[in-house]
Amino acid sequence: MQPVHGINFAPFSPRGALAGEAARAELRRMRELTGADTVIFCPAAVQATPFSEKMDFTGAHTTADEELLSITRAAKDLGLRVFWKPTVNCLDGTWRARISFFDHDVPCESKWGPWFAGYTAFQTHFAALARQAGIELLILGCEMTQTEHREAEWRALIASVRSVYDGAIAYNCDKYGEEYVPWWDAVDVMASSGYYPVGSIGQNLDRIEQVVRRMNKPFFFAEAGCMRVQGSAQVPNDWTLQGARDDEEQNRWYQALFAALATRPWLRGAALWDWPLDAAHDSSYSFCHAPALATIRDAWQR
């Protein structure tokens, strides 16, 4: 696997947001200002709560197929590699890692079977589309922590995806979860969310390396980032953190990340979180108007 200098671009965009020249212009700007060689698009599905069996990937909260294909073509025209990461989110704001049901069926309670049927339909839909689009890597979800122990269902899902898609398959587990995915052998590439405290990035990479060596698979961070908020470098995974804006906090974290990556060639890079579509969709994690932008470009140029 070639090294990844990537960015998650306009993740979870609602229907219509990626259509038109404005989205393509922002994609060009991202490419020019960062020197990224890879972009990840994150088409979404939504479910009402973490305990809902049903999900929707065709409504107003989700990217339409044609606009995803169009922005993908635009990215390839810019010379970018394109990965897709179809991701489910909860409309009530609960983090997707909390999606869970009883491990035994109980009458009148939601169940794993219908949920995995819906999730398989979601992933195979985009897998078939990914084959049409020539997508190099398909990432089958992100931070689905409380689903990962359902090994039989995940293996069946991966088999279903392979029946309609012939590219490489990855999965993006949550930070600290690299040791706990029992079906890593079923995917081609391992990935996780690299939101590690600034002082322990190297320590966590040493821990992850043991898992990667054991599985003998390529590994990269499908997400990594830090907010422009005072204190975020200590808890970069906490998107609820409140505090004063601190651009240098974010910049110091990125400097530490790239220093750690530079000494670990087994780690095939990172896709940073995130680049917004426009100012209206900006978040504290973005770096498009912050000192970290120069740090990122300099690191990737080296």
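**Close-up views of a predicted model**

**View A. Q123 sits in helix α3.** The model shown here is predicted. Q123 is buried, and its relative accessible area is 0%. Which residues does Q123 contact, once neighbours within four places in sequence are set aside? They are P86, I139, L140, G141, L157 and V161. Buried means under 20% relative accessible area, so Q123, at 0%, falls in that class.

**View B. F122 and F126 form an aromatic pair in helix α3.** The structure holds 32 aromatic pairs. One of them joins F122 and F126, with an edge-to-face geometry. The ring centres are 5.6 Å apart, and the planes make an angle of 85 degrees. Planes over 60 degrees apart count as edge-to-face, so the 85 degrees between F122 and F126 puts the pair in that class. Helix α3 spans residues 112-133. Within helix α3, F122 and F126 are four residues apart, about one turn of the helix. Are these two residues buried or exposed? Both F122 and F126 are buried.

**View C. The largest pocket has a volume of about 870 Å³.** Its lining comprises 33 residues. Which of them lie nearest the centre of the largest pocket? F12, N89, R96, W239 and W273 do. Three strands each supply at least two lining residues: β3 (44-47), β5 (87-90) and β10 (267-275). By class, the lining of the largest pocket has 16 nonpolar, nine polar and eight charged residues.

**View D. The second largest pocket has a volume of about 280 Å³.** How many residues line the second largest pocket? There are 14 in the lining. H5, L261, A262, A299 and W300 lie nearest the centre of this pocket. Strands and helices both contribute to the lining of the second largest pocket. β1 (4-9), α6 (247-262), β10 and α7 (292-301) each supply at least two of its residues. Nine lining residues of the second largest pocket are nonpolar, two are polar and three are charged.

**View E. One cavity of 30 Å³ or more is present in the structure.** Rolling a probe the size of a water molecule over the atoms shows where empty space is left. The largest cavity has a volume of about 40 Å³. Which residues line the largest cavity? The lining is made of F9, A10, F12, S13, L18, F41, C42, P43, T63 and L68. Eight residues of this lining are nonpolar and two are polar. No charged residue lines the largest cavity. F12 appears in the lining of the largest cavity, and F12 is also among the residues nearest the centre of the largest pocket.

**View F. The disulfide count is zero.** C173 is in no disulfide. The nearest cysteine sulfur to that of C173 belongs to C142, 9.2 Å away. A disulfide needs cysteine sulfur atoms within 2.5 Å, so C173 and C142, at 9.2 Å, do not form one. C173 has 0% relative accessibility and counts as buried. C226 is in no disulfide either. For C226, the nearest cysteine sulfur is that of C288, 15 Å away. Is C226 buried or exposed? C226 counts as buried because its relative accessibility is 0%.

Notes
Residues are numbered from 1 along each chain as its sequence is written. This is a predicted model: local features need pLDDT of at least 70, side-chain atom pairs count only at pLDDT 80 or more; totals for chains, interfaces and linings use all residues. Side-chain values use heavy atoms; hydrogens and water are left out. On a 1 Å grid over the protein atoms alone, a cavity is a set of points where a 1.4 Å probe fits but cannot get out, and a pocket is an open set with protein on both sides within 12 Å along at least five of seven lines; lining residues have an atom within 4 Å of a point. Grid points are joined across faces, edges and corners, and a volume is the space filled by probe spheres set on the points. Ala, Val, Leu, Ile, Met, Phe, Trp, Tyr, Cys and Pro count as nonpolar, Asp, Glu, Lys and Arg as charged, and the others, Gly among them, as polar. Rings of Phe, Tyr and Trp (its six-membered ring) pair if their centres lie within 6.5 Å; planes under 30 degrees apart count as stacked, over 60 as edge-to-face and the rest as tilted. Buried means under 20% relative accessible area, exposed over 50%, partly exposed in between (1.4 Å probe, protein chains only). Contact means heavy atoms within 4.5 Å.
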